[in-house]
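Reader: Before I trust any labels, I'd like to hear the rules behind them. Can you walk me through it?

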Amino acid sequence: MREALVTAAFRLFLERGYERTTVDDIVALAGVGRRSFFRYFPSKEDVVFPDHERCLARMTAFLAASPQDGDPVRQVCDAARSVLLMYTRDPDFSVRRHRLTKSVPGLRAHELSVVWRYQRTLADHLRARFAGDPGGALRADVIAAAVVAAHNNALRSWLRSGGRGDAGRAVDEALGLVRAAFPAGPASGPVPVHPPAPGPAGPAREGSPQDVVVVVARRGAPLWRVVREVESAFKGP
């Protein structure tokens, strides 16, 4: 019945337009009652996104089963791929839905609310993993937002192309950038190393070869954090 309602809804959306199609029209074409419709979908908007609730449930279960000693950034990236699988399972339907959503402001707003729920699910997992880390909550929110942005950028490019090309490869490339920017483990910025004390040659003079500042950073540390440490070092006495 769920499939019949979705099929009927999209047939009417294409024939009449989304705004001119009512729930009564959908149930009449599907041959069921209004009560049956609302048993599966809280609103007309929800029939456009029929699989997101199940996908959110799968994502939540996947993250809950993830090992505690695993890389949390990799875990949320892997969880995000479940959304891609939902779209690529039926490319024709996904492309039609994308085109419909672009043309209806109310559906775009509804889609944004769904995206926010995915982001919140990822952030909650990261917050739990970063509990006790200085700035862990902020780091969790930033990483979750980056994962969703990277995933959706690649996904929407694929949808705009009409479902052509390798969506999985595009999403992997985008999520690879997130993993490179946010390495595993607690947040830790570059550690400034002060110059050694002057030797027998006497104190270093400004502009001399001994006037050197060294900053040591972890491989993969965000560039902005490295730049901030360099700026702080040169602002010193």
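Author: What follows is a chat about the labels used here and the values behind them.

Author: This is a predicted model, where local features need pLDDT of at least 70, side-chain atom pairs count only at pLDDT 80 or more, and totals for chains, interfaces and linings use all residues. Residues are numbered from 1 along each chain as its sequence is written, and side-chain values use heavy atoms, with hydrogens and water left out.

Reader: What makes something a helix or a strand here, and how many of each does the protein chain have?

Author: Both are DSSP runs numbered from the N terminus: H or I of at least four residues for a helix, E of at least two for a strand. On that basis the protein chain has 10 helices and 2 strands. Along the sequence the pattern reads α-α-α-α-α-α-α-α-α-β-β-α.

Reader: Why is Ala 140 called buried?

Author: Buried means under 20% relative accessible area (exposed is over 50%, partly exposed in between; 1.4 Å probe, protein chains only). Ala 140 comes in at 0%, so buried is the label. Ala 140 sits in helix H8, residues 136-160. Across the protein chain, buried residues make up 38% of the 237 residues.

Reader: What does Ala 140 touch?

Author: A contact is heavy atoms within 4.5 Å. Leaving out residues up to four places away in sequence, Ala 140 touches Ala 123, Leu 126, Arg 127 and Phe 130. Its C-alpha is also 9.2 Å from that of Val 73, and those two are 67 residues apart in sequence. For the protein chain, 67% of the contacts with a separation of 6 or more are between residues 24 or more positions apart.

Reader: Why are Cys 55 and Cys 77 put in the buried class?

Author: Set them against that cut-off: Cys 55 has a relative accessible area of 0%, so buried applies. Cys 77, at 1%, therefore counts as buried too.

Reader: How many disulfides does the structure hold?

Author: A disulfide is a pair of cysteine sulfur atoms within 2.5 Å, and the structure holds 0 of them.

Reader: What makes a space a cavity, and what makes it a pocket?

Author: On a 1 Å grid over the protein atoms alone, a cavity is a set of points where a 1.4 Å probe fits but cannot get out; a pocket is an open set with protein on both sides within 12 Å along at least five of seven lines; and lining residues have an atom within 4 Å of a point. Points are joined across faces, edges and corners, and a volume is the space filled by probe spheres set on the points. The count comes to 2 cavities of 30 Å³ or more.

Reader: Which residues lie nearest the centre of the largest cavity?

Author: Val 83, Val 115, Tyr 118, His 151 and Asn 152, out of 17 lining residues. That cavity holds about 200 Å³ of space, and H8 gives the most to its lining, with 6 residues.

Reader: What is the lining of the largest cavity made of, by class?

Author: Ala, Val, Leu, Ile, Met, Phe, Trp, Tyr, Cys and Pro count as nonpolar, Asp, Glu, Lys and Arg as charged, and the others, Gly among them, as polar. The split is 11 nonpolar, 4 polar and 2 charged.

Reader: And how does the lining of the second largest pocket divide?

Author: Into 5 nonpolar, 2 polar and 9 charged residues. This pocket has a volume of about 340 Å³. Of its 16 lining residues, the closest to the centre are Glu 3, Pro 50, Asp 51, Asp 90 and Phe 93.
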